[in-house]
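Subject: Structure handover

Hello,

Here is the structure for your files. My notes follow below it.

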Amino acid sequence: MASESVKVVVRCRPLNEREKAMNCNMVISIDSSHCQCFIEKPGATEEPPKQFTFDGTYYISHSTEQIYNEIAYPLVEGVTEGYNGTIFAYGQTGSGKSFTMQGVLDPPSQRGIIPRAFEHIFETIQCAENTKFLVRASYLEIYKEEIRDLLGKETKQKMELKEHPERGVYVRDLSMHTVHSVGECERIMDQETQKLFKFECV
């Protein structure tokens, strides 16, 4: 990869039905060309909006496909080349994390980042010559600073976060499952929702 860094991206979701019923108004506007987000204070017409700049900003009209191509694709491509990569969705309940990461089947442009990454990885493997890949998947939940292995025998058992000088940060005794296709990955993901899915490619 050309550079190694942390990038922060913001996606703004539309008002949901409850918010519309309450006559809520949008207070956020986005300038994607300059990666800026503006927040207006309701009723304060004389106050300038607060301005924030990120590595990428996406508004209601943007699709998950565009976000994947611009943000996630280079990261997943780096993983297939042997680099570590993480896509971390953060936000309060109802902010759109699952919509972005898992997505919906229809329209196809809103398929999530996770299923797109599945296809990306296995398409790369199929096209690779003179290279062998071992793809292992783990599925864990981080909730209220507690970690649980969703594919382990004891899903309620709390896991420990450790750090190794060579491996880096890892979850002790986290189960790893060898997968050979997109379908196998999707079956694992379907077991639980709104959790973190982690790939390890060797």
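The domain assignment splits the protein chain into domain 1 (1-62) and domain 2 (63-201). Those bounds come from an automatic or database domain assignment. Please keep in mind that this is a predicted model: local features need pLDDT of at least 70, side-chain atom pairs count only at pLDDT 80 or more, and totals for chains, interfaces and linings use all residues. Residues are numbered from 1 along each chain as its sequence is written, and side-chain values use heavy atoms, with hydrogens and water left out.

**Between the domains**

The centres of domain 1 and domain 2, taken over C-alpha atoms, are 26 Å apart. Contact here means heavy atoms within 4.5 Å. On that basis, 7 residues of domain 1 meet 16 residues of domain 2. The size of an interface is often given as the accessible area lost when the parts come together. Here the two domains bury about 950 Å² between them. Carbon and sulfur atoms carry 55% of that area. The buried area is the accessible area (1.4 Å probe) that two parts lose on being put together, summed over both.

What about polar links? There are 5 residue pairs in polar contact between domain 1 and domain 2, both residues at pLDDT 80 or more. A polar contact is a pair of N or O atoms within 3.5 Å; within protein, one must be able to donate a hydrogen and the other to accept it, and residues adjacent in sequence count only if both atoms are side-chain atoms. The rule finds 0 salt bridges across this interface. For a salt bridge, a side-chain nitrogen of Lys or Arg lies within 4 Å of a carboxyl oxygen of Asp or Glu.

**Overall picture**

The protein chain has 5 helices and 12 strands. These are DSSP runs numbered from the N terminus: helices are H or I with at least four residues, strands are E with at least two. The C-alpha atoms fill a box of roughly 60 × 40 × 40 Å along the principal axes. Of the 202 residues in the protein chain, 29% are buried. Buried means under 20% relative accessible area, exposed over 50%, and partly exposed in between (1.4 Å probe, protein chains only). Take the contacts between residues at least 6 apart in sequence: 53% of them join residues at least 24 apart.

**Salt bridges**

The count comes to 7 salt bridges. Glutamate 19 pairs with arginine 13, with the closest N and O atoms 2.9 Å apart. Glutamate 19 is buried at 17% relative accessibility, while arginine 13 is partly exposed at 28%.

Glutamate 17 pairs with lysine 20, and here the closest N and O atoms are 3.8 Å apart. Both sit in helix H1 (residues 17-21), 3 residues apart, so about one helical turn separates them. Glutamate 17 is exposed at 60%. Lysine 20 is partly exposed at 45%.

Arginine 172 pairs with glutamate 160 at 3.5 Å between the closest N and O atoms. Arginine 172 is in the loop between strands S10 (168-171) and S11 (177-178), and glutamate 160 is in the loop between S8 and S9 (161-164), so the pair ties together parts that are 12 residues apart in sequence. Arginine 172 is partly exposed at 40%, as is glutamate 160 at 41%.

There is also a salt-bridge network that links Glu146, Arg148 and Lys158.

**Helix H4 and the loop before it**

Helix H4 (residues 113-127) has 15 residues. From first C-alpha to last it reaches 21 Å, close to the 21 Å expected at 1.5 Å a residue. The expected span is 1.5 Å times one less than the number of residues. Its buried residues include Ile113, Arg116, Phe118 and Phe122. Arginine 111 lies in the loop between helix H3 (97-101) and H4. Arginine 111 is buried, at 18%. Beyond four places in sequence, arginine 111 touches residues including Thr64, Arg116 and Glu119.

**Two more residues**

Glutamine 157 is in the loop between strand S7 (146-149) and strand S8 (158-159). Glutamine 157 is partly exposed at 47%. Outside its neighbours within four places in sequence, glutamine 157 contacts Ile147 and Arg148.

Tyrosine 139 belongs to strand S6 (residues 135-143) and is buried at 1%. Tyrosine 139 and leucine 151 are 12 residues apart in sequence, with C-alpha atoms 6.0 Å apart.

Best wishes
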